[in-house]
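Student: I've just opened this one and I don't know where to start. Can you walk me through how the labels are earned?

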Amino acid sequence: MVDMVASRSARERKAGVEAGPLATVKIDVGADQQFVYKVSCTVCTAKGDRAWSTYRPGEDNGYMAAMDRWIFHLKEKHPDADAPCLVYLPEAQQRLHERRVARESGA
Ligand SMILES: [Zn+2]
């Protein structure tokens, strides 16, 4: 599975750049050969609090879900932090809104 490994490390690098300097991004390959994205916060981990991290399986969906949660974590806990992914904040909020609407309508 050489291609899988190469693709994984490339995705990991790209995700790490987008998530910014406060994040550590790891991508595992799950039992079903899906990528599993794990984003951890280096600041919250270092403070000795319960380490913040989000863990989402799936290809692009998993990436987006993990990154959305990371964006919200940054805005909430580290409002002064800068990261390339913050340009996606409006889209992340839109997706959150759509998920809420879908849940409320019982879809
Ligand atoms: Zn944090």
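Tutor: Let's go through the labels one at a time and check each against its value.

Student: Fine. How do you know how far to trust the coordinates?

Tutor: This is a predicted model, so start with the confidence score. The mean pLDDT of the protein is 86, and 90% of its residues reach 70 or more. The lowest mean is in E3, at 75, and the highest is in helix H4 (residues 89–104), at 92. Where pLDDT is low, predicted coordinates should not be read in detail.

Student: What makes up the secondary structure of the protein, and in what order do the elements run?

Tutor: There are four helices and three strands. Starting at the N terminus, the order is α-β-β-α-β-α-α.

Student: What makes the three strands a sheet, and what is their order?

Tutor: They form an open sheet in the order E1-E2-E3, with antiparallel pairing. Strand E1 (23–29) and strand E3 (53–57) are called edge strands because each pairs on one side only. From one strand to the next, the twist averages 15°.

Student: How do you know that E1 and E2 really pair?

Tutor: Count the bridges. A pair needs at least two, and seven join E1 to E2, which run antiparallel; therefore they count as paired. You can check single positions too: Ala 23 has Cys 41 as its bridge partner in E2, and Asp 28 stands opposite Val 36. The two strands form a hairpin with five residues between them, and in the turn Gln 33 has a positive phi of about 65°.

Student: What about E2 and E3: how many bridges do they have?

Tutor: Strand E2 (residues 35–41) and E3 pair over five bridges, again in the antiparallel sense. With at least two needed, five is enough, so this is a pair as well. In E3, Ser 53 is the bridge partner of Ser 40, and Thr 54 is that of Val 39.

Student: Why is Ala 15 called buried?

Tutor: The cut-off is 20 or more other C-beta atoms within 10 Å. Ala 15 has 22 C-beta neighbours inside 10 Å, so it counts as buried. Its place is in helix H1. Setting aside neighbours within four places in sequence, Ala 15 is in contact with Val 25, Tyr 37 and Tyr 63. Take Tyr 37: Ala 15 and Tyr 37 are 22 residues apart in sequence, with their C-alpha atoms 9.2 Å apart in space.

Student: Hang on, how can 9.2 Å be a contact?

Tutor: That value runs C-alpha to C-alpha, whereas a contact asks for C-beta atoms within 7 Å.

Student: What makes the side chains of E2 alternate?

Tutor: Look at which face each one points to. Phe 35, Tyr 37, Val 39 and Cys 41 point to one face and are buried, while Val 36, Lys 38 and Ser 40 point to the other and are not buried.

Student: Which residues touch the most other members of the largest nonpolar core?

Tutor: That core has 17 residues, and Ala 19, Ala 23, Tyr 37, Val 39 and Trp 70 touch the most other members. Helix H1 (2–19), E1, E2 and H3 each supply at least two residues, with H3 giving the most, six. Val 39 shows how the elements meet: beyond neighbours within four places in sequence, its contacts include Ala 19, Ala 23, Thr 54, Ala 66 and Trp 70. In soluble globular proteins, nonpolar side chains tend to be buried together.

Student: How do you know that the length of H3 fits a helix?

Tutor: At 1.5 Å a residue, its 18 residues should span 26 Å, and the end C-alpha atoms are 25 Å apart, so the two agree. Helix H3 (residues 60–77) lies across E1, E2 and E3, at about 10° to E2. Its buried residues include Tyr 63, Ala 66, Trp 70 and Leu 74.

Student: Why is H4 described as hardly covered?

Tutor: Among its 16 residues, the count of buried ones is one. Its length still checks out: the expected span is 22 Å and the end C-alpha atoms are 22 Å apart. After H4 comes Gly 106, with a positive phi near 75°.

Terms used: Residues numbered from 1 in each chain as written. Predicted model: local features only at pLDDT ≥ 70, side-chain atom pairs only at ≥ 80, totals over all residues. Axes fitted to C-alpha atoms, helices over the stretch in contact; angles between N-to-C directions. Contact = placed C-beta atoms within 7 Å. Core = buried A, V, L, I, M, F, W, Y, C linked by C-beta atoms within 7 Å. Buried ≥ 20, exposed ≤ 12 C-beta atoms within 10 Å, placed from the backbone. pLDDT = per-residue confidence, 0-100. Expected span 1.5 Å × (residues − 1).
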